[in-house]
Amino acid sequence: MGSEGDCKTNQRKPRFLCLHGFRTSGAILKKQIFDKWPTQVVDKLDLVFVDAPFPSQGKSEVEGIFDPPYYEWFQFNKEFTEYENFDKCLEYIEECMIKHGPFDGLLGFSQGAILSGGLSGLQAKEVGLTKVPKIKNLIIIGGAKFQNKSVAEKAYSSAITCPSLHFLGEKDYLKKYGIELLESCVDPVVIHHPRGHTIPRFDEKGLESMLSFIEKVQAEISTSLIKLCFFMPVPHSGNNSSLGF
């Protein structure tokens, strides 16, 4: 079996695929997070930022604040009830997970948060992400539920059981929809902040909740690595057995 020393060298940070907001980009989300979150948070995470598959098809609300290019995950009507290119979006996210993974969870903001919060349910229904491991953890910032009826019926037909951390802004126009998403989650952790639809800074209580969540994810990774290390075959000179027992 693998030695304790081998297991220690295999320690790693929780790896999250980060999905940005509508008509922004991976680079913008990265800047928002690294500018606002302290090093004691970001240094504990392995964050992978990708751009959505479609170039922005209209004006971005962050023009003049963040540089282009801007991207969107899928398109929708004014009532958010009809989607275009949603299947292609799911295929693209799966490709990203295969290329850059494996991942310990998803982190999403705004449109990326809506996706992140619904993907585990779609995956369970085998609607998407069938070629990648089950989603294990979620960090949802300014999230909500899918409003497309057929998508929502599949995404939320069962409770979201994986550990989830949700940021709710008191002035966020999506707050009530974020609360609706919470009702579909089992034992969600909630961080409240006074801002609107944005990546928030942490107050003392929020920071404590965030670090506790990361610690639990890290503990699960460590446990899995130890189990893998314990059963990992090791080479034995002069011995034809492939097992280290």
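Is Cys18 buried or exposed? Let's start there and work through this predicted model in a few short exercises.

**Exercise 1. Classify Cys18 and Cys89, then decide whether Cys89 is in a disulfide.**

*Solution.* Begin with accessibility. Cys18 has a relative accessibility of 1%, so it counts as buried, the cut-off being under 20%. Cys89 is buried too, as its relative accessible area is 0%. Next, look at the sulfur atoms. A disulfide is a covalent bond between the sulfur atoms of two cysteines. To count as one here, the two sulfur atoms must lie within 2.5 Å. For Cys89, the nearest cysteine sulfur belongs to Cys96 and is 9.5 Å away, and Cys89 is in no disulfide. Finally, widen the search to the whole structure: it finds zero disulfides.

**Exercise 2. Find which residues of helix H2 are buried, and work out how they are arranged around its axis.**

*Solution.* First, list the buried residues of H2, which spans residues 26-36: Gly26, Ile28, Leu29, Gln32 and Ile33. Then look down the helix axis. These buried residues fall within an arc of 165°, so they line one face of H2. The general background helps here: an α-helix has 3.6 residues a turn, so residues three or four places apart point the same way. Last, ask what covers them. The cover includes strand E1 (15-19), helix H3 (39-42), strand E2 (46-49) and strand E7 (105-109).

**Exercise 3. Repeat the analysis for helix H7.**

*Solution.* In H7, residues 175-182, the buried residues are Gly178, Leu181 and Leu182. Their arc around the axis is only 105°, which puts them on the same side of H7. Among the elements covering them are helix H5 (111-124), strand E8 (138-141), strand E9 (164-169) and strand E10 (189-193).

**Exercise 4. Describe the largest pocket by volume and lining.**

*Solution.* Start with the volume, which is about 760 Å³. Now turn to the lining: 29 residues take part, and Phe22, Ser110, Tyr173, Leu174 and His197 lie nearest the pocket centre. Sorted by class, the lining holds 15 nonpolar, nine polar and five charged residues.

**Exercise 5. Place these local pictures in the whole chain.**

*Solution.* Count the elements first: the chain has eight helices and ten strands. Then take burial, where 48% of the 245 residues are buried. To finish, consider contacts between residues at least 6 apart in sequence: 74% of them join residues at least 24 apart.

Definitions and conventions. Residues numbered from 1 in each chain as written. Predicted model: local features only at pLDDT ≥ 70, side-chain atom pairs only at ≥ 80, totals over all residues. Heavy atoms only, no water. 1 Å grid on protein atoms, 1.4 Å probe; cavity = no way out; pocket = protein on both sides within 12 Å on 5 of 7 lines; lining within 4 Å. Points joined across faces, edges and corners; volume = space filled by probe spheres on them. Nonpolar A, V, L, I, M, F, W, Y, C, P; charged D, E, K, R; others polar. Buried < 20%, exposed > 50% of the residue type's maximum accessible area, 1.4 Å probe, protein only. Helix = DSSP H or I, 4+ residues; strand = E, 2+ residues; numbered from the N terminus. Arc of directions from axis to C-beta. Contact = heavy atoms within 4.5 Å.
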